[in-house]
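I opened my notebook to go through this one piece by piece. These are my entries, in the order I looked things up.

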Amino acid sequence: MQISFSMMEYMSIATLVTGTCWLIVRTRKSVDGKKGGVAWLIKSCAELFGVIALVLFCRVALADWQHVPSGSMEPTLRVGDRILVNKLAYGPRLPFTNTAIKLGQPERGDVVVFRYPGNVSEFYVKRLVGLPNDLVTYSRGVVRINDQPFDVKVDSAVVPKAEDRGQIFVDETAGNQKRIIKLNVAMPGERITPIAWMERYAKNCVVISSQDWQCKVPEGKYLMMGDNRDNSVDSRVWGFLDEYEVYGKVTKVIFNLSDMRRSWMSL
């Protein structure tokens, strides 16, 4: 068994340590009458307790912030974005146990932060495409859910960046939700081999090619994909996401030091 720690767990440990120091100072059993480095260290540690505990509470119960290190969600999220994660959208998860206090359910189209199934100490961000029991069909970049295709059309209004060379922007609309995705202009959907569909989930999926496949999402799981459809390590590679690994919903870009125009941008 591998035990991995996220920033939340480290903050929990820090809260426990500083809280112990605070109790020692409050009871005055180990500090009074002592001089030197040990007493000073305990008192300094105790003074940090309130601040660390408050930050931990906010990150567990209300909201968190994460850094976007890759371009798998372009153009929705860019490298360097600091994103605001709403923990109340689905309910906070307790440190170490990952137990959820459910306040809501993820919805199709949400941009979700979750623990990466291959290494739960890492957080990934992708778009939720398929809900439990959905029949998801993928054909040359176009997604269908339960035989209902997403409405797609090329968007020529988006100003491309250097990292967008060889890609086209496509408006993808499902229900009342609209987003812009990126596809390879020559072979949309070809670059990501659906390894998980062919190996681990062969009973749930039918794969014709990288560009054409169909999957039935199992109960208690989600199908996640990046908006940069041809440059995203997502469910096609590592499989369906267990619902208990969901961390929160991305609602805004707080800032990006490389492009401050993205500050406080809603998704």
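**Entry 1: β13 and its partners.** I started with β13 and β14 (residues 241–242), which pair in the antiparallel sense over two bridges. This is a predicted model, so I'm reading a prediction here. Looking for the partner of Tyr222, I found Leu241 in β14. Then I looked for β4 (residues 123–130), and that strand pairs with β13 too, antiparallel again, over three bridges. One residue pair I noted there is Arg127 with its bridge partner Met225 in β13.

**Entry 2: Which faces of β13 are covered?** I asked myself which residues of β13 sit on one side and which on the other. Lys221, Leu223 and Met225 are on one side, Tyr222 and Met224 are on the other, and all of them are buried. I reminded myself that in a regular strand the side chains alternate between the two faces of the sheet. So five of the five residues of β13 are buried, and the strand is mostly covered.

**Entry 3: A lysine under cover.** I wanted to know how Lys221 counts, buried or exposed. Lys221 comes out at 17% relative accessibility, and it counts as buried because the cut-off is under 20%. The side chain of Lys221 meets that of Asp242 in a salt bridge, 2.3 Å from N to O. Lys221 is in strand β13 and Asp242 in strand β14, so the pair ties together parts that are 21 residues apart in sequence. Asp242 itself is partly exposed, with a relative accessible area of 21%.

**Entry 4: More salt bridges.** The count for the model comes to 15 salt bridges. I picked out Arg229 and Glu172, whose side chains meet at 3.0 Å, N to O. Arg229 lies in the loop between β13 and α5 (235–238) and Glu172 in strand β9, so this pair ties together parts that are 57 residues apart in sequence. Both Arg229 and Glu172 are buried. Next I noted Arg236 with Asp234, where the closest N and O atoms are 2.8 Å apart. Both Arg236 and Asp234 are buried as well. I also jotted down a network: salt bridges that share partners join Glu74, Arg78, Glu163, Asp164 and Lys182.

**Entry 5: Ile192.** This residue lies in the loop between β10 and α4. At 11% relative accessibility, Ile192 counts as buried. I listed its contacts beyond four places in sequence, and among them are Ser210, Arg229, Asn231, Arg236 and Val237. For Asn231 I looked up the spacing: Ile192 and Asn231 are 39 residues apart in sequence, yet their C-alpha atoms are 7.2 Å apart in space.

**Entry 6: The nonpolar core.** In soluble globular proteins, nonpolar side chains tend to be buried together. The largest nonpolar core here has 20 residues, and Val136, Trp197, Trp213, Leu223 and Phe240 touch the most other members. Elements giving two or more residues to this core include β5 (135–139), β9 (167–174), α4 and β13. Apart from it lies another core of eleven residues, including Val68, Val125, Val250 and Val253. I then checked Trp197, which touches Trp213, Leu223, Arg236 and Phe240, among others further than four places away in sequence.

**Entry 7: A patch on the surface.** Last, I looked for nonpolar residues on the outside. Ile195, Met198, Val233 and Val237 make a nonpolar surface patch of about 300 Å². Met198 lies in helix α4 (residues 195–198). At 44% relative accessibility, Met198 counts as partly exposed.

Note on methods: Residues are numbered from 1 along each chain as its sequence is written. This is a predicted model: local features need pLDDT of at least 70, side-chain atom pairs count only at pLDDT 80 or more; totals for chains, interfaces and linings use all residues. Side-chain values use heavy atoms; hydrogens and water are left out. Patches are made of residues with over 30% relative accessible area and no salt bridge: like charges are joined within 9 Å, nonpolar side chains (Val, Leu, Ile, Met, Phe, Trp, Tyr) within 5 Å. Accessible areas come from the Shrake-Rupley method with a 1.4 Å probe; for residues, only the protein chains shown count as cover. A salt bridge is a side-chain nitrogen of Lys or Arg within 4 Å of a carboxyl oxygen of Asp or Glu. Helices (H or I, at least four residues) and strands (E, at least two) are DSSP runs, numbered from the N terminus. Buried means under 20% relative accessible area, exposed over 50%, partly exposed in between (1.4 Å probe, protein chains only). A nonpolar core is a set of buried Ala, Val, Leu, Ile, Met, Phe, Trp, Tyr and Cys residues joined through side-chain atoms within 4.5 Å. Contact means heavy atoms within 4.5 Å. Two strands pair if DSSP finds at least two bridges between them.
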